[in-house]
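Student: I am new to this structure and would like a close look at a single part of it. Please choose one place on the surface where there is room for something, and then relate it to what lies around it.

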Amino acid sequence: MTGATLDGSDRAERTGRARPGAGTGHGDAGYVLRTATADDLGGARAVMLDTVYRDLKSGYVPRWHADIIDPEAAYLRPERCTLLVVEHRGEIVATGAVRDRGPQAPPNPQWVADRFPSGSTAQLCRIYVSPEHRRHGLARQLVRELGEFAVRAGGYTALYLHTDPAVPGAEPFWRSLAREVCDERTLPGGGQGIVHFELPMPMPVPGSTGTPAR
């Protein structure tokens, strides 16, 4: 995709664009959502690492976060994957990605893995926004653009994600957009304590070629 300026105009709200001036005192627009390039990877990595340390409180765990260390291999090289970034005044302030694999079992329940097989599942991940840039609608816009990418990429039949409800605001945000598939907190032993969600696939845009925008 080409860069999309996220402004606070009435037209932007009607079309689902983020409203950067709302909520936290930033009166300016200046947010640009676009497909990441190699030059953006350092800034994207900083947003991701800050989130896993500050919000997820797990710190860097190699088996979970290898894509953060090498996002080029995880998201830029594969044809049906992507990494989007939001830039504000030359700084990367938000990220969102699609990977072409579903949840694996273990550690996820087998029936969840069976429902979302790799190849036909677009998994949304790393949808992170720096704290000072939250409440501008950036995460919703990232979700929208990532869903549209999955449609253009072709071959995906499901949009899947999981979230950690211990992160403030994460669970209500995803419940406003997606349908719960499995809340592991209700499983014997509490599982991993995460919640699995499915989002509706966007309708294909007439005239789309079915190939991802790069």
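Tutor: The part to look at is the second largest pocket, which has a volume of about 160 Å³. The model is a predicted one, and the values below were computed from it.

Begin with the lining. The residues that line this second pocket are R140, V143, R144, G147, L159, L177, L199, P200 and P202. By type, the lining holds 6 nonpolar residues, 1 polar residue and 2 charged ones. Helix α6 supplies the largest share of the lining, 4 residues. That helix runs from residue 138 to residue 153, and the lining residues numbered within this range are R140, V143, R144 and G147. Another lining residue, L159, has a number that falls in strand β6, residues 158-163. The lining also takes in L177, L199, P200 and P202.

One residue helps to show how the chain comes together around L199. A178 sits in the loop between α7 and β7, the latter being residues 179-183. Although A178 and L199 are 21 residues apart in sequence, their C-alpha atoms are 4.6 Å apart in space. Leaving aside residues up to four places away in sequence, A178 touches F197, E198 and L199. Is A178 buried or exposed? The cut-off for buried is under 20% relative accessible area. A178 has 13%, so it counts as buried.

At the other side of the sequence from that loop, follow α6 towards β6. The loop between them contains G154. With a relative accessible area of 25%, G154 is partly exposed. The C-alpha atom of G154 is separated by 9.1 Å from that of S120, and the two residues are 34 positions apart along the chain.

Both α6 and β6 also serve the largest pocket, where each supplies at least two lining residues. That pocket has a volume of about 1,700 Å³. Its lining consists of 47 residues, and those nearest its centre are L56, Y128, H162, T163 and D164. The other elements that give at least two residues each are α3 (62-69), α4 (71-76), β5 (121-129) and α7 (170-175). Of these contributions, the one from β5 is the most, with 7 residues. By type, the lining of the largest pocket divides into 22 nonpolar, 14 polar and 11 charged residues.

Charged residues bring us to salt bridges. Side chains of opposite charge can pair when their charged atoms come close. The model has 13 salt bridges by the rule used here. One of them involves two elements that also line the largest pocket: D67 pairs with R126, with the closest N and O atoms 2.8 Å apart. This pair links distant parts of the chain, since D67 lies in helix α3 and R126 in strand β5, 59 residues apart. Both D67 and R126 are buried. Elsewhere, E171, R175, E180, D183 and R185 are joined into one network by salt bridges that share partners. E171 and R175 have numbers within α7, residues 170-175, while E180 and D183 have numbers within β7, residues 179-183.

Two further pairs can be set side by side. D40 and R34 meet through their side chains in a salt bridge of 2.5 Å, N to O. D40 has a relative accessible area of 7% and is therefore buried. R34, at 17%, also falls under the cut-off of 20%, so it counts as buried too. In the other pair, D50 and R54 form a salt bridge of 3.1 Å, N to O. These two lie 4 residues apart in helix α2 (residues 41-54), which means that about one helical turn separates them. D50, at 29% relative accessibility, is partly exposed, and R54 is partly exposed at 44%.

Finally, here is the setting for all of this. The chain contains 7 helices and 8 strands. Of its 214 residues, 47% count as buried. Among contacts with a separation of 6 or more, 67% are between residues 24 or more positions apart. The chain exposes about 10,400 Å², with carbon and sulfur atoms supplying 52% of that area.

Note on methods
Residues are numbered from 1 along each chain as its sequence is written. This is a predicted model: local features need pLDDT of at least 70, side-chain atom pairs count only at pLDDT 80 or more; totals for chains, interfaces and linings use all residues. Side-chain values use heavy atoms; hydrogens and water are left out. Buried means under 20% relative accessible area, exposed over 50%, partly exposed in between (1.4 Å probe, protein chains only). Contact means heavy atoms within 4.5 Å. Accessible areas come from the Shrake-Rupley method with a 1.4 Å probe; for residues, only the protein chains shown count as cover. On a 1 Å grid over the protein atoms alone, a cavity is a set of points where a 1.4 Å probe fits but cannot get out, and a pocket is an open set with protein on both sides within 12 Å along at least five of seven lines; lining residues have an atom within 4 Å of a point. Grid points are joined across faces, edges and corners, and a volume is the space filled by probe spheres set on the points. Ala, Val, Leu, Ile, Met, Phe, Trp, Tyr, Cys and Pro count as nonpolar, Asp, Glu, Lys and Arg as charged, and the others, Gly among them, as polar. A salt bridge is a side-chain nitrogen of Lys or Arg within 4 Å of a carboxyl oxygen of Asp or Glu.
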